[in-house]
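Please open the model in your viewer and keep the sequence panel beside it. The stops below are meant to be taken in order.

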Amino acid sequence: MVINLGKQHSLLSNWVSELRDVEVQNDRMRFRKNLERIGEVAAYEISKTLAWEEKEITTPLGIASCKVLQSQPVLATILRAGLGMHNGLLNYFDKGENAFISAYRKHHADGSFDINIEYVSCPELEDKVLIISDPMIATGASLVKAIQYLKEEGVSKEIHIVCAIACTVGIEFILREQPKATIWCGDIDDEITAKGYIVPGLGDAGDLAFGQKMQF
């Protein structure tokens, strides 16, 4: 399932437009904040789909019957670009456990690349709700490989993927590999370059959020 949050014409669309804007991108703090805001909106929307239960809460004046989450999801992200969105999700699911994956593109001289994963830190995932964030879904290869690694820690009962911008090619690849996953995105682009970059996209989210990096 794919849910394009940008179709609702909310403030989220403004934040996505700022992420794309080459002038606004000069402000790294604003770029990170907009990723965080999108993560918060996604967390709120995902929360509507989760299991809730009735609980009696003692107030200063009596007893209130309230609805609370049955359990907190596990929040995962791909370093480093996903940290902003992860913070937004964690602001709402503040009691959730967390997982981190260091997946990156290892570029070759011919322009091709492999997805390398060198570090995974993860709690038990068996029968839990997994929410994994990455600002961009281009080819989808990084997310698919990350989810495969996470499955070694248990099989989640639900997988939610949160991104700012997704490409149709990447969406199709992820849903072929993980047909039960739900993808929540701020917008969807149809074009991808031969080097695996989304067009019009927004550029490299990690660099825009945290600065340029050396390529090895």
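The tour goes from the whole chain to one strand and its partners, and then to a few backbone details.

Before selecting anything, note that this is a predicted model, in which local features need pLDDT of at least 70 and side-chain atom pairs count only at pLDDT 80 or more, while totals for chains, interfaces and linings use all residues. Residues are numbered from 1 along each chain as its sequence is written, and side-chain values use heavy atoms, with hydrogens and water left out.

**The whole chain.** Show the chain as a cartoon, and you should find six helices and twelve strands, where helices (H or I, at least four residues) and strands (E, at least two) are DSSP runs numbered from the N terminus. Along the principal axes, the C-alpha atoms fill a box of roughly 70 × 40 × 30 Å. Of the 216 residues, 44% are buried, a word that here means under 20% relative accessible area, with exposed meaning over 50% and partly exposed in between (1.4 Å probe, protein chains only).

**Strand β7.** Next select residues 129-133, which form strand β7, where five of the five residues are buried. Which residues point one way from β7, and which the other way? Val129, Ile131 and Ser133 point to one side, whereas Leu130 and Ile132 point to the other.

**The partners of β7.** Add residues 74-78, strand β4, which pairs with β7 in the parallel sense over four bridges; two strands count as paired if DSSP finds at least two bridges between them. Within this pairing, look for Val74, which stands opposite Leu130. Then add residues 158-167, strand β9, which runs parallel to β7 and is joined to it by five bridges, with His160 of β9 opposite Ile131.

**Two cis peptide bonds.** From β4, move to the bond between Leu79 and Arg80, which is cis with omega about -5°; Arg80 lies in the loop between β4 and α3 (83-92). Another cis bond joins Val199 and Pro200, with omega about 0°, and Pro200 is in the loop between β12 (198-199) and α6 (205-210).

**Two residues with positive phi.** Select His9, in the loop between β1 (2-4) and α1 (11-20), where phi is near 50°, a positive value in a residue other than glycine. His9 counts as exposed because its relative accessibility is 70%. Finish at Asp127, in the loop between β6 (113-121) and β7, which has a positive phi of about 60° although it is not a glycine, and which counts as exposed at 51% relative accessibility.
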